[in-house]
Amino acid sequence: MRLMLRRLAVAAVVCGAVAGMLGAAGPVERPRFAPGSIVVIQEDPDAAAPGGTTTVHGIVANETAKTAPALVVKITMPPGAVPEGPFFPRTCKRHRSDKIWTVTCTFEAGLESERTATALVPVRIPDDASEPLTGGRVSVSSPDDPSVNSSEPFTIQVAFGEPTG
């Protein structure tokens with residue numbers, strides 16, 4: 001059911017973008033970013049029960065008029081959340097520093113204009129979680145282009161009941 005709702009939401013966004021290009025609706029404004037940027041699209045993961053899992057979607061969009069350079073998507077977990085593979089794409093690697101987990105995913109150059117790339121990172125919620133897990137962040141950069149620099153926070157809501165993962 002969640003997958004169907006997520007697909008419906010994506011379809012609505014795409015339809016809105018197409019309608020904007022056709023003049024049926026105004027363009028979507030993104031005032032925080034300069035026109036022609038490579039940006040992170042903010043999306044909170046689905047809620048998960050303590051001890052369960054959810055998936056962080058690290059979504060980046062190429063809003064430039066050209067293909068993107070090589071990209072590095074870094075997903076910093078909220079304190080207590082632990083990334084568990086398998087990750088997508090397979091280039092994703094997890095690291096731990098000072099009790100905070102990060103997952104770094106690389107994408108080769110070539111993301112076409114007005115397209116997105118997504119890193120999928122399953123995350124385990126702590127058994128003792130009792131409130132939303134805050135402090136998560138998705139960021140994108142490029143080793144070939146220092147102007148690629150976008151970041152968005154995310155929060156994992158804690159649902160109570162049976163673990164989901």
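I begin with a contact between two side chains: in this predicted model, those of E84 and R124 are joined by a polar contact of 3.0 Å. E84 sits in the loop between β4 and β5. With a relative accessibility of 28%, E84 counts as partly exposed. Beyond its neighbours within four places in sequence, E84 is in contact with T53, P122 and R124. The first of these names, T53, is 31 residues away from E84 along the chain, and the two C-alpha atoms are separated by 8.8 Å.

The loop that holds E84 deserves further attention. Two cis peptide bonds may be pointed out here. One joins G85 and P86, with omega at about 5°, and P86 is found in the loop between β4 and β5. Another joins F88 and P89, with omega at about 0°; P89 also has its place in the loop between β4 and β5. As background, most peptide bonds are trans, and most residues other than glycine have a negative phi.

The second half of that remark leads to the loop between β5 and β6, where D98 lies. D98 is not a glycine, yet has a positive phi of about 50°. K99, in the loop between β5 and β6, likewise has a positive phi, of about 70°, without being a glycine. Are D98 and K99 buried or exposed? D98 is exposed, at a relative accessible area of 72%, and K99 counts as exposed at 67%. The threshold for that term is over 50%.

Let me turn to the disulfide. A search of the whole structure finds one. The bond joins C92 to C105, with an S to S distance of 2.0 Å. The link is right-handed, with 110° about the S-S bond. Which parts of the chain does the pair link? C92 is in the loop between β4 and β5 (93-97), whereas C105 is in strand β6, 13 residues apart. Both cysteines, C92 and C105, are buried.

Now the overall arrangement. The protein chain has one helix and nine strands, and along the sequence the helix precedes the strands, in the pattern α-β-β-β-β-β-β-β-β-β. Of the contacts with a separation of 6 or more, 73% are between residues 24 or more positions apart. Buried residues make up 35% of the 165 residues in the chain. The chain exposes about 9800 Å², of which carbon and sulfur atoms supply 57%.

Four of the strands form an open sheet in the order β1-β2-β7-β4, with antiparallel pairing. Why is one side of β1 and of β4 left without a neighbour in the sheet? Each of these two strands stands at an edge and has a single partner strand, so one side of each has no neighbour there. For β4, antiparallel pairing with β7 runs over two bridges, and P83 has V123 in β7 as its bridge partner. Elsewhere in this sheet, H57 is placed in strand β2 (residues 53-62). H57 counts as buried because its relative accessibility is 16%, where buried means under 20%. Its side chain reaches the backbone oxygen of T55 at 3.4 Å.

Strand β3 has pairings of its own. β3 pairs with β6 in the antiparallel sense over six bridges, and I75 stands opposite V103 in β6. β3 also runs antiparallel to β8, joined to it by five bridges; K74 has S139 as its bridge partner in β8. The two faces of β3 differ in cover: L71, V73 and I75 form the covered face, while V72, K74 and T76 form the uncovered one.

That covered face brings us to the core. In soluble globular proteins, nonpolar side chains tend to be buried together. Here, the largest nonpolar core has 31 residues, and L71, V73, I75, M77, V121 and V140 are those with the most contacts inside it. Which strands each supply at least two residues of this core? They are β1 (38-41), β2, β3 (71-76), β6 (100-107), β7 (116-124), β8 (133-141) and β9 (149-156).

I close with M77. Leaving aside its neighbours within four places in sequence, M77 is in contact with P83, I100, W101, V103, V121, V123, G135 and G136. Among these are residues met earlier: P83 and V123 are bridge partners, and V103 stands opposite I75.

Conventions. Residues numbered from 1 in each chain as written. Predicted model: local features only at pLDDT ≥ 70, side-chain atom pairs only at ≥ 80, totals over all residues. Heavy atoms only, no water. Buried < 20%, exposed > 50% of the residue type's maximum accessible area, 1.4 Å probe, protein only. Polar contact = N/O pair within 3.5 Å; in protein donor to acceptor, adjacent residues only side chain to side chain. Core = buried A, V, L, I, M, F, W, Y, C linked by side-chain atoms within 4.5 Å. Contact = heavy atoms within 4.5 Å. Pairing = 2+ DSSP bridges. Areas by Shrake-Rupley, 256 points an atom, 1.4 Å probe, with all protein chains shown as cover. Disulfide = S-S within 2.5 Å.
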